[in-house]
Amino acid sequence: MSDETIALEEGQRLSRSRLWDWQRRYFMSQGAAAWQSGTVPHYVTSNTFMADAYAQTVLGFLRDSAAQIDRGQPVYLIELGAGIGRFGFHFLVCFFERLAQSPLAGLAVTYVLSDLAPANVDFYLSHPQLRPYFDAGRLDCAVFDATRDSELALRKSGVTLSPAGLRNPLVILANYFFDGVPADAFSLVEDRLYEELVSLRVLGPIADRDDPALLQHVELDHASRPAALPYYGDAQWDRILDVYAQRGGKGRFLFPCAALACLARLRALLDPNRGTAPSFLLLSADKGAHALSDVLGQGASLTVHGSFSLLVNYHAIAEWVRGLGGLSLHTDHRQGSLSLNAFVLPAQLGDGAAVETRRAFADAIACGGPDDLFLVKKALDYRYETLTVEQALALIRITAYDAKIFCGCIPVLREALLRNAASSPLSADILSALALVRARFFSIGEADELGADLADFFASLDQAGSAYAQPAVRGHRFATLRILPAPLIQR
Ligand SMILES: C[S@@+](CC[C@H](N)C(=O)[O-])C[C@H]1O[C@@H](n2cnc3c(N)ncnc32)[C@H](O)[C@@H]1O
């Protein structure tokens with residue numbers, strides 16, 4: 001059979017394209033392997049400093065809504081598309097440490113790791129580092145298809161979160177998630193709105209049209225067709241489209257239809273007869289933008305990394321939230337690697353609205369937050385050897401004991417340990433940092449297992465003498481952390 005170009009799709013709305021079937025099949029078939037092989041990138045969204053920034057913001061939100069929390073029921077924090085669970089683990093460590101040291105100590109909070117792929121949910125249930133959280137009722141998990149499902153059946157507790165069933169506020173966390181669920185593409189040309197329809201072609205022969213590996217070869221064409229309003233038949237969505245149409249000019253943008261539909265279904269989990277205090281918080285980070293001018297420069301090109309991703313239009317999500325009487329929180333500046341955003345519903349406009357959430361977002365995320373840190377980290381990658389040991393330790397502390405950064409600093413730390421007596425304050429600082437890094441490292445059995453570097457470092461210390469064998473955690477704000485050896489998950 002000769003190679004020929006095969007048309008797999010002609011003039012389809014982007015959100016209805018078969019691209020999304022391949023996407024689903026990819027995640028369903030790969031399970032944990034998508035992360036273990038390093039195919040799906042996740043470091044930027046799943047590190048300790050990102051988790052700690054989110055933990056601070058969630059605590060701010062809980063302070064805003066504390067008066068209406070029924071202490072007899074848990075507050076649920078639901079992570080969408082939790083993937084391998086690494087962010088979730090980091091969040092659990094940071095959040096419960098902070099909660100225990102806050103006026104809200106004792107509040108029952110259950111974090112829910114959710115994902116489309118049952119294999120991922122099984123991975124959470126079998127992971128030894130998550131077990132203590134499951135056993136304490138602080139963690140649960142669910143298979144949840146964000147494009148369809150309206151309720152979550154929690155695997156551990158057997159509880160089902162159903163529409164109108166939640167009396168307590170609800171928190172949704174979604175990292176690297178909205179970029180991988182269906183969106184539509186539009187363009188503005190000379191003040192007119194067009195829909196961008198996609199056509200897909202591959203070079204044949206192909207054995208299976210449903211094979212997600214076709215994502216690696218597919219050619220995508222766009223064709224424009226005038227779009228009339230109302231387009232969706234949903235008043236809110238059409239109002240947002242009209243915002244773009246009215247702005248006019250020229251541009252291309254994505255409309256996050258699956259994200260908005262999912263958020264509406266999640267919001268419907270809340271009891272509608274609640275008061276006016278903030279009851280719904282969404283925290284989300286992705287490649288994308290929140291400013292209208294940036295959003296209008298977003299095309300619909302795919303980035304393929306096993307699965308594929310688009311850019312997220314946080315401006316449209318913000319418009320939707322504001323249309324429902326909510327508040328959206330963004331940075332004043334353009335973010336360099338990730339767009340981090342918070343959305344609160346309901347929140348009357350005014351200085352007093354969601355004041356604790358806003359303060360926490362400003363302190364932990366907007367200024368000197370994960371995006372800033374990640375940019376600085378990029379400058380330091382390959383230059384860790386130039387740091388003094390004090391600078392290396394400062395960096396490790398600032399990044400909330402991130403394993404990747406610690407591993408970058410190992411040559412500097414090793415050298416310092418060789419030069420200083422085991423009983424010296426500097427050696428004690430290094431060993432204390434090492435103990436915290438190890439306690440926070442979440443092992444997933446990845447090919448370039450960071451845990452192996454940590455284990456090697458430990459082993460070399462053991463060989464150097466028993467003085468190094470029992471590192472202690474000293475004087476740290478997370479001082480109650482138990483030091484667990486990070487078990488290596490075998491693939
Ligand atoms: C790119 S990964 C992000 C994982 C993780 N949040 C992170 O930051 O690394 C996208 C995740 O969303 C899940 N996913 C894809 N489509 C989904 C859907 N319709 N509903 C729920 N989860 C979905 C995938 O299984 C995958 O775990």
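The following dialogue examines the domain contact, the ligand surroundings and some backbone features of a predicted model.

Biologist: What makes domain 1 and domain 2 separate units of the protein chain?

Modeller: The division rests on an automatic or database domain assignment. That assignment gives domain 1 as 5-26 + 182-251, domain 2 as 30-181 + 258-373, and domain 3 as 381-468. The C-alpha centres of domain 1 and domain 2 lie 27 Å apart. Their contact takes 22 residues from domain 1 and 31 residues from domain 2.

Biologist: How much area do domain 1 and domain 2 bury between them, and which residues of domain 1 supply more of it than any other three?

Modeller: About 2400 Å² is buried between the two domains, with 64% of it on carbon and sulfur atoms. Of the area that domain 1 buries against domain 2, Arg24, Tyr26 and Tyr244 supply 30%, more than any other three residues.

Biologist: Why is the pairing of Asp145 and Arg24 called a salt bridge?

Modeller: The N to O distance between the two side chains is 2.8 Å. The rule asks for a side-chain nitrogen of Lys or Arg within 4 Å of a carboxyl oxygen of Asp or Glu, so the pair qualifies. Across the interface of domain 1 and domain 2, the rule finds 2 salt bridges. The count of residue pairs in polar contact between these domains is 11.

Biologist: Which elements supply the side of domain 1 that touches domain 2?

Modeller: Helix 1 (19-30), strand 8 (184-189), strand 10 (219-226) and helix 7 (235-247) each supply at least two residues. Helix 7 gives the largest share, 7 residues. By class, this side of domain 1 has 14 nonpolar, 5 polar and 3 charged residues.

Biologist: How do you know that Thr45 makes a polar contact with the ligand?

Modeller: An N or O atom in the side chain of Thr45 is 2.6 Å from an oxygen atom of the ligand. The cut-off for a pair of N or O atoms is 3.5 Å, and therefore the Thr45 pair counts as a polar contact. The side chain of Asp115 likewise has an N or O atom 2.6 Å from a ligand oxygen. For Gly81, a backbone N or O atom lies 2.8 Å from a nitrogen atom of the ligand. Thr45, Gly81 and Asp115 are among the residues that come nearest, out of 19 around the ligand.

Biologist: What makes the peptide bond from Gly204 to Pro205 cis?

Modeller: Its omega is near 0°. Pro205 is found in the loop between strand 9 (192-203) and strand 10. A cis peptide bond also joins Leu345 and Pro346, with omega about -25°. Pro346 is in the loop between strand 18 (339-345) and helix 11 (355-366).

Biologist: Why is a positive phi in a residue other than glycine worth stating?

Modeller: Most residues other than glycine have a negative phi, so a positive value departs from what most show. Ala164 has phi near 65°. Ala164 is placed in the loop between strand 6 (160-161) and strand 7 (170-175).

Notes. Residues are numbered from 1 along each chain as its sequence is written. This is a predicted model: local features need pLDDT of at least 70, side-chain atom pairs count only at pLDDT 80 or more; totals for chains, interfaces and linings use all residues. Side-chain values use heavy atoms; hydrogens and water are left out. Contact means heavy atoms within 4.5 Å. Buried area is the accessible area (1.4 Å probe) that two parts lose on being put together, summed over both. A polar contact is a pair of N or O atoms within 3.5 Å; within protein, one must be able to donate a hydrogen and the other to accept it, and residues adjacent in sequence count only if both atoms are side-chain atoms. Helices (H or I, at least four residues) and strands (E, at least two) are DSSP runs, numbered from the N terminus. Ala, Val, Leu, Ile, Met, Phe, Trp, Tyr, Cys and Pro count as nonpolar, Asp, Glu, Lys and Arg as charged, and the others, Gly among them, as polar. A residue is near a molecule or strand if one of its heavy atoms lies within 4 Å of it.
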